[in-house]
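Me: Could you take a close look at one part of this structure for me? I'd like to hear about a sheet and what sits around it.

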Amino acid sequence: MAALDFANQLKAKFGDLLSEPVEFRGEITLKVSDAERITEVCEFAKKSLGFNMLLDISSIDNYGEDPRWTIVYELYHMEQKSHLRLKTEVSEEKSESPTITTVWRTADWHEREIYDMMGVRFRGHPDLRRILMWDGYPYFPLRKDFPLAGKPTDLPEVAFTRPAPLEGGPFVTVPGGKDALAREPRVRIPQTESVATISRLERRDDVRAAHEPDAPQPNTAMPKQ
Amino acid sequence: MATTQEITFRDAPSRIAAADASHVGDTEGQLAEAASEMEGEKMVLNMGPSHPSTHGVLRIVLEMDGEIITKAIPDVGYLHRGDEKIAENMTYTQFIPYTDRLDYLAPLANNVAYALAVEKLMGIDTKLTPRCQYIRVICCELARVSAHLLGLGAYAMDVGALTVFMHTFTEREKLYNLFEALTGARFTTTYTRIGGVSRDTPPGWVAAVRKFCDEVVVNFDESETLLTRNRIFVDRTRDVGVISKEDAIDYGLTGPNLRGCGVDYDVRKAHPYLVYKDLEFDVPIGSVGDCYDRYLVRMEEMRQSVRIVRQCLDRIPGGADNEGKEPVNIADGKVTLPPKNKVLTSMEELIHQFINVTQGVNAPVGEVYFGAENPKGELGFYINSRGGGTPYRLKIRAPSFVNLSILPHVLPGHMMSDVVSILGSFDFVMGECDR
């Protein structure tokens, strides 16, 4: 159980900065409570423990929760063949975390991608530009409050976007919807004016709220008996 | 009279020395000195996004000093479709067709990697039926042969050897016929399902694969005759685009590009999934890390893939056409679809079918990372689940994306014409890079 040993060594070095190692499906995850010190932890993991490869950096948008952003680092130890996951959280007001490009150069493009997709900035990054979208694109498309269909943008002479016509498309699942009806991928309220559509779905506030941004917010109070 | 010309292959240490000498980007050689004298004469050249050797839509902004590249800025994203956003909005099974379109030269391998990632999340990756595991390994290795054949053909064509492309494409055509027989589609296979595959091998398929294995090795020999000791090919690739072991690991390179640098890392050996631990195969590694080594590694990998496929064909549980009636999918109605005849007659199977199709498999809360050895490198899926049938966040670790990030480090110091061989030797796919 090499990964757990490494996690304990990290824990011994940094103490309360790291959470207790969590194991799920044979993978060890450590949470770094202060994002400002992630560089230090990574530096130690690479220099002293020998995690010579950074496989990936992902970001999660915990929309509606605080702190909003989670950054996930996948470390790999090539000699011991062991994986280790580090996680840290960044608040929405701050939306900034120190870069780890000084530790692994591969972090360069991963951090640019996170900045591009989620809008979390990395302090000290040598060249923090958008990478998949174009310079001047105004939104961060992987945020949970960015609609699946997209938003209209126009940057003259460069590029423009139009919302994708999702009507009839098979993919309007609401992630984490509270029940089968809300999660059902093909559920949608027909957006036609010619046909009266007073269906069972339209009376469900949470389904409407998920599909129409302007609809009234779901009523969470208990229904009257 | 045809004469044979001897090519002297220098041993690895002297090749490294020669490569260092020709590398003006990071040594203070005479060329670099000459370059500084010519300051102010730099030219910016746009390569791509539509250029034959960028294999899709990669754009590189090259800052040139005469013929020498002084700075390279890759620009990716022209093929960005928002796959990760799409994945958050559909069930796990519905996303399988999208994985076809990542590395579109090896869709079967992507299908397998994605299915295994979801199965790892659900804790059923070790419960797959033996026959399913063997079929998946055959798929992965055939996909590897298919991807490397194209990568090799295009690489050779980029550096001027047009014939190889025709040769390798003949074999790929046969492979596509096999894929069509197996999955129903030549290109967008969508073959795997969570907990199994969409259908068992059709009658006669195993025999057809065996026949293909015998034919394709002849083709490898022919291609190798055309390239390995071809003076032009060797001159254009040897000591070009040298990457050191340390740089390769630091930049997160994986797959043949990493092994070409002499790092012995193959996910199939380091973390065996499916039945790879029972199969015999070697992992070829390079010595110098130049374009020529990357070519040699790919060539040998295809032979090893054929070796793996042959072992699987011999051992596949249930026999060639499943005379032994081995199950293919996990017999759990909550994961895989129940048999159709039962759906229409039995209440429980009907419910399973309905829930499976409308809500998807019910994954637990948790997060996993699963990496598989794909033709281009380690294709990883990080899945963060909050329960239910859709992922809360699905991150794709695309090997091409990571492999390309080393370009600003490798290209400077090379001639303009070397860019073509370096790009060819990297064998990237923009569909995967841009997601």
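Reply: Here is a walk through one sheet, the helix on it, and then the core and one buried residue. Keep in mind that this is a predicted model.

Let's start with the sheet in chain B: it's open, has three strands in the order β6-β7-β8, and pairs antiparallel. The edges are taken by β6 (363–374) and β8 (393–397) of chain B, each with a single partner strand, so one side of each has no neighbour in the sheet. From one strand to the next, the twist averages 5°. Between β6(B) and β7 (residues 377–388) of chain B, which run antiparallel, there are eleven bridges. Along that pairing, B:Glu367 sits opposite B:Asn384 in β7(B). Packed on the sheet is helix α5 (residues 107–122) of chain B, which touches β6 and β7 of chain B, and its direction makes about 150° with that of β6(B).

Now for the core. The largest nonpolar one has 162 residues, and B:Leu108 and B:Ala117 have the most contacts inside it. Helix α6 (residues 130–158) of chain B gives the largest share of this core, 17 residues. Leaving out residues up to four places away in sequence, B:Leu108 touches several others, among them B:Cys139, B:Leu142, B:Phe179 and B:Tyr191.

One last stop is B:His352, found in helix α15 (residues 347–358) of chain B. B:His352 counts as buried because it has 20 C-beta neighbours inside 10 Å. Setting aside neighbours within four places in sequence, B:His352 is in contact with B:Gly333, B:Lys334 and B:Pro338. As for B:Val335, 17 residues apart from B:His352 along the chain, the two C-alpha atoms are separated by 8.6 Å.

Conventions: Residues are numbered from 1 along each chain as its sequence is written. Chains are lettered from A and ligands numbered from 1 in the order in which they are written. This is a predicted model: local features need pLDDT of at least 70, side-chain atom pairs count only at pLDDT 80 or more; totals for chains, interfaces and linings use all residues. A nonpolar core is a set of buried Ala, Val, Leu, Ile, Met, Phe, Trp, Tyr and Cys residues joined through C-beta atoms within 7 Å. A residue is buried if 20 or more other C-beta atoms lie within 10 Å of its own, exposed if 12 or fewer, and partly exposed in between; C-beta atoms are placed from the backbone. Helices (H or I, at least four residues) and strands (E, at least two) are DSSP runs, numbered from the N terminus. Two residues are in contact if their C-beta atoms, placed from the backbone, lie within 7 Å. Two strands pair if DSSP finds at least two bridges between them. Axes are lines fitted to C-alpha atoms, for helices over the stretch in contact, and angles run from 0 to 180 degrees between N-to-C directions.
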